[in-house]
Amino acid sequence: MAPGWGFPGWRGREEGHRKGSPVVVTMERPNFSVVEIEGPDEAFRPVEKSRNKNVKQVTWVLLLKASLAVGCVAWLTGSVCSLLGTVKRRLIFGEGVAVDSDRLGKGRVLLRVIRGFLFASLIILGFEVMAYAKGWHYFEHTNMRIPSTSDVHSLLHLVYVAWVNFRANYVAPPIQALSKFCVVLFLIQSLDRMMLCFGCLWIKYKKIRPRMEGQLLADAEGSGSEFPMVLVQIPMCNEREVYEQSISAACRIDWPKDRLLIQVLDDSDDKNIQLLIKGEVSQWSQRGVNIIYRHRLVRTGYKAGNLKSAMSCDYVKDYEFVAIFDADFQPNPDFLKRTVPHFKGNPDLGLVQARWEFLNKDENLLTRLQNINLCFHFEVEQQVNGVFLNFFGFNGTAGVWRIKALEESGGWLERTTVEDMDIAVRAHLNGWKFIFLNDVKALCELPESYEAYRKQQHRWHSGPMLLFRLCLPAVLAAKISFLKKGNLILLFFLLRKLILPFYSFTLFCIILPLTMFVPEAELPIWVICYLPVMMSFLNIFPAPKSIPFIVPYLLFENTMSVTKFNAMVSGLFQLGSSYEWIVTKKTGRASESDLLAAAERDYKAANQPQMNRGVSEGELQELTKLKEQQQEVVLAPKPKRVNKIYRKELALAFLLLTAAARSLLAAQGVHFYFLLFQGVTFLLVGLDLIGEQMS
């Protein structure tokens, strides 16, 4: 064996070996094979040579590495200081806002429970640190030594022994039972996800698509006799940022003008926004578009009440289909031509649903994570259920309904905040079929701030649980097959709306931190790491470009389980927040085609005189007055919004970080890293550091 670098006289011995004969090394009863050295060790010669000749190069390399290290340390220090400064500002300026956010008492019970867990965890962590310092045990869960009463030398030791005995006999069994129950639910839900993914792969392999009976309808400029009467409804409420885009997109739909009516259903309580929307409708009306502006004085029933009021108009009886678009949706001009023909020759078809496509999916990390969830929802859930079951939940927008199906199913009801799911379930119980078109897309936008996204998710998860309570007797009494009843109750409601937020919150936010202080109920690594990562890969399956975000997606979904669990409990027990409807804030981002169209309109308006044909002098004066009022409204300053702090998320962040400190003492690698990263994620979300940053 060649001598080490630090041995003296190495150069002399190397010269001697270089002139001598080959050396053969043998051993008695050798454990290694015989090694024959033919000559000097050639591997070291260029190293020594380079070291003697390239001292300046080595010096520059060392200086470069030192510079990089200093730069890295400076960047890390700056990032930490920036984060601490942002945290300080959030805590100072967001404190009053956080109190206002809890004004209605939402989640106070859950917050108190989390605080109780946090307080108990801090006390137990203090006991564990003291026990670790005194050597009472070494945190080994498998062979833990419980001190006997003869070893008790102090009151604290006695208390600790009592806690260990109480923990092993009374605390660990219920936690272990609850964890096994949650793991079973986790496995069932994972199996459901896998079956949905296999169904999606089968659809892609067989190229299964809904087919139309005939060819596409003729051009809208030709004969319109074969075109059915279609009503387009755009419900909105204080949609200042997006009203112009949605109305403009609906007015550009390629359909005979005499067989299309657009209803702008405005529930705005802001007079300025009412003037803006009314002025936009008036402008399109002057261009020959058949469009009507409707405004309700009292916003009862929210969106369901708005749609119900619009369907009660006398002229609605002349129309066969109704297309619904939310205020931020921008359908393509050929939307009706690609959806309405599916109703031809299919009298049992009640709904044709299109897919959503997002303008701002790459805006920030929050929109990227939302895009993963919604891509799985449309690409997998909606498509598979539409192909194999002819039923899925109506998404509330970008869909075309047969008006007869709406009327026979009871119309729009105001009993929940998920009127779209309500009408879909009742139509399914009445025997109507649904079709989902994955290749027909409508542009829309995602919430860019965590506050807007959180409120949206609360409504989306509290409404289904309230609806489940209300429609369960109707489902059991309906004259449909047991298979459809089982799908509605077990899969549609319980598994995908109740079980998912329940086990996610209970398992990863409550049980896992508790197992750090109750090691007898430890969770296996495959439950914490392997299975969630595999399920995350399945969720990212429809959006392969999002694979680099798999870890943030997994951590963020566990964080959002707090909001979803709170909403689920609120809807299941009919609490006050389950009836709350808050309009999701939008930014009003336009697509490229909309920007080009706007530029073209501005160019034409600048080079051509404005003409209003068939308009009386009084109407012209009213239109001019509306334009003047619009300019005043546009110039009015908008109120600034500030970021909030969320107390439940912050309390859980400290709970998870406390559990991470306990797992560090126990030398549990996977548990420590998971709890650390999950706790940091809760901290970032609780301080509203994800998504759009306000003033």
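Tyr205 counts as exposed, because its relative accessibility is 63%. This residue belongs to a predicted model, in which 26 aromatic pairs are found. Two of these pairs are described below, followed by a cluster of rings and the charges placed over rings.

**The pair Trp202 and Tyr205**
- The ring centres of Trp202 and Tyr205 are 6.1 Å apart and the planes meet at 45°, so this pair is classed as tilted.
- Both residues belong to helix α6 (residues 155-206), where a spacing of 3 residues separates them by about one helical turn.
- Trp202 has 43% relative accessibility and therefore counts as partly exposed, whereas Tyr205, at 63%, counts as exposed.

**The pair Phe329 and Trp356**
- With ring centres 5.2 Å apart and planes at 75°, Phe329 and Trp356 form an edge-to-face pair, because an angle over 60 degrees falls in that class.
- Phe329 is located in the loop between β6 (321-324) and β7 (330-331), while Trp356 is part of strand β8 (residues 349-358), so their contact ties together parts that are 27 residues apart in sequence.
- Phe329 is buried, at 3% relative accessibility.
- Trp356 is likewise buried, at 12% relative accessibility.

**Aromatic cluster**
- Phe329 and Trp356 are also members of one aromatic cluster.
- This cluster further includes Phe378, Phe391, Phe392, Phe394, Trp401, Phe434, Phe436, Phe468, Phe492 and Phe493.

**Charges over rings**
- Arg287 places its charged end over the ring of Trp284, at 4.4 Å from the ring centre.
- Lys485 is positioned over the face of Phe482, 5.5 Å from the centre of that ring.

Terms used. Residues are numbered from 1 along each chain as its sequence is written. This is a predicted model: local features need pLDDT of at least 70, side-chain atom pairs count only at pLDDT 80 or more; totals for chains, interfaces and linings use all residues. Side-chain values use heavy atoms; hydrogens and water are left out. Rings of Phe, Tyr and Trp (its six-membered ring) pair if their centres lie within 6.5 Å; planes under 30 degrees apart count as stacked, over 60 as edge-to-face and the rest as tilted. Helices (H or I, at least four residues) and strands (E, at least two) are DSSP runs, numbered from the N terminus. Buried means under 20% relative accessible area, exposed over 50%, partly exposed in between (1.4 Å probe, protein chains only). A charge sits over a ring if NZ of Lys or CZ of Arg is within 6 Å of the ring centre and within 35 degrees of the ring normal.
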